[in-house]
Amino acid sequence: MDTQDRQEHWQSAYTAKTEREVSWTQDLPEPSLSLVLEAASSPDAPIVDIGGGSSRLVDHLVHRGFTNVAVLDLSSAALDHARTRLGPSGQSVDWITADITKWVPTQRYEVWHDRATFHFMVSEVDRSAYLACLRQGLARGGHAIIATFALDGPEKCSGLPVMRYDSARLAEAFGPEFLVIKSFCHTHYTPWGSPQPFQFNVLKRT
């Protein structure tokens, strides 16, 4: 799937359904929020939420006084939802409409958060492009918080195929440059109560 097809898919996903009608919705974005707060050294630490869409993670960070937060997503509609929801408090957020496999970061981030974007990288080409972007955008000593569907998780999300991981496979995908400092499984429940097993890895760039 090329960038245009991806963009059209996610634009449709965010315009055809309300926030409560998509499986990934979280009122309280845990465990992501706790992991980001642990990894960030200060309120001005540069943080990027990859594939953040209309996630409420940015709300919680901004309301806690974080001043250097970016949200990247393919869907401008998703980012518009979040920006409108935040109102004036979202003016400090860097809203980035881009394909992660094509994006060129303009700064180094201390925290790279990705809940359910990497698992859409089903081809070697896309995984390599994602990791190249990560290496360019994550500072040495910075932390990447990566969440994918676990091995017993769904085989598709929003109608698209995904790669499922356990801790070892996810660590192998990122390579020896990234040290796993925390790894655990977490079950997300959709707004209609369906369980979705996730694998979370927190990796430090050495």
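Trainee: Which residues does Arg 64 touch, not counting residues up to four places away in sequence?

Mentor: Leu 33 and Leu 37. Keep in mind that this is a predicted model. The contact label rests on heavy atoms within 4.5 Å.

Trainee: Where does Arg 64 lie?

Mentor: Arg 64 sits in the loop between helix H3 (57-63) and strand S2 (69-73).

Trainee: Why does Arg 64 count as partly exposed?

Mentor: Its relative accessibility is 45%. Buried needs under 20%, and exposed needs over 50%. The value for Arg 64 falls in between, so the residue counts as partly exposed.

Trainee: How many Å separate Arg 64 from Leu 134 in space?

Mentor: C-alpha to C-alpha, 26 Å. In sequence these two are 70 residues apart.

Trainee: Now Glu 30. What makes Glu 30 partly exposed?

Mentor: Its relative accessible area is 25%. That is not under 20% and not over 50%, so Glu 30 is partly exposed. Glu 30 is in the loop between helix H1 (3-16) and helix H2 (32-39).

Trainee: Is the peptide bond from Glu 30 to Pro 31 cis or trans?

Mentor: Cis, with omega near 5°. Most peptide bonds are trans. Pro 31 is also in the loop between H1 and H2.

Trainee: What separates the C-alpha atoms of Glu 30 and His 188?

Mentor: A distance of 9.1 Å. Along the chain the two residues are 158 apart.

Trainee: Is Ala 116 buried or exposed?

Mentor: Buried. Ala 116 has 17% relative accessibility. The cut-off is under 20%, so Ala 116 meets it. You will find Ala 116 in the loop between strand S4 (109-115) and helix H5 (124-137).

Trainee: What is the phi of Ala 116?

Mentor: About 80°, which is positive, although Ala 116 is not a glycine. Most residues other than glycine have a negative phi. Ser 158 also has a positive phi, near 50°.

Trainee: Why is Ser 158 called partly exposed?

Mentor: Ser 158 has 26% relative accessibility. That value lies between 20% and 50%, so partly exposed is the right label. The place of Ser 158 is the loop between strand S6 (156-157) and strand S7 (160-161).

Trainee: How many helices and strands does the protein chain have?

Mentor: Six helices and nine strands.

Trainee: How do you know that the radius of gyration of the protein chain agrees with a compact globule?

Mentor: Set the two values side by side. A compact globule of 206 residues would have a radius near 17 Å, and the protein chain has 16 Å, so the values agree. The C-alpha trace spans about 40 × 35 × 30 Å along its principal axes.

Trainee: What percentage of the residues of the protein chain count as buried?

Mentor: 50% of the 206 residues. In soluble globular proteins, nonpolar side chains tend to be buried together. Here the largest nonpolar core has 61 residues. Those touching the most other members are Ile 100, Trp 103, Trp 112, Tyr 130, Ile 146 and Phe 174. Strand S5 (residues 138-149) gives the most to this core, with six residues.

Trainee: Which residues does Ile 100 touch, not counting residues up to four places away in sequence?

Mentor: Ile 50, Leu 72, Trp 112, Thr 117, Met 121, Tyr 130 and Cys 133.

Trainee: How many positive and negative side chains does the protein chain have?

Mentor: 19 positive and 24 negative, with the centres of the two sets 3 Å apart.

Definitions and conventions: Residues numbered from 1 in each chain as written. Heavy atoms only, no water. Helix = DSSP H or I, 4+ residues; strand = E, 2+ residues; numbered from the N terminus. Rg over C-alpha atoms; globule rule 2.2 N^0.38 Å. Buried < 20%, exposed > 50% of the residue type's maximum accessible area, 1.4 Å probe, protein only. Lys, Arg positive; Asp, Glu negative; His and termini not counted. Charge placed at Lys NZ, Arg CZ, Asp CG, Glu CD. Core = buried A, V, L, I, M, F, W, Y, C linked by side-chain atoms within 4.5 Å.
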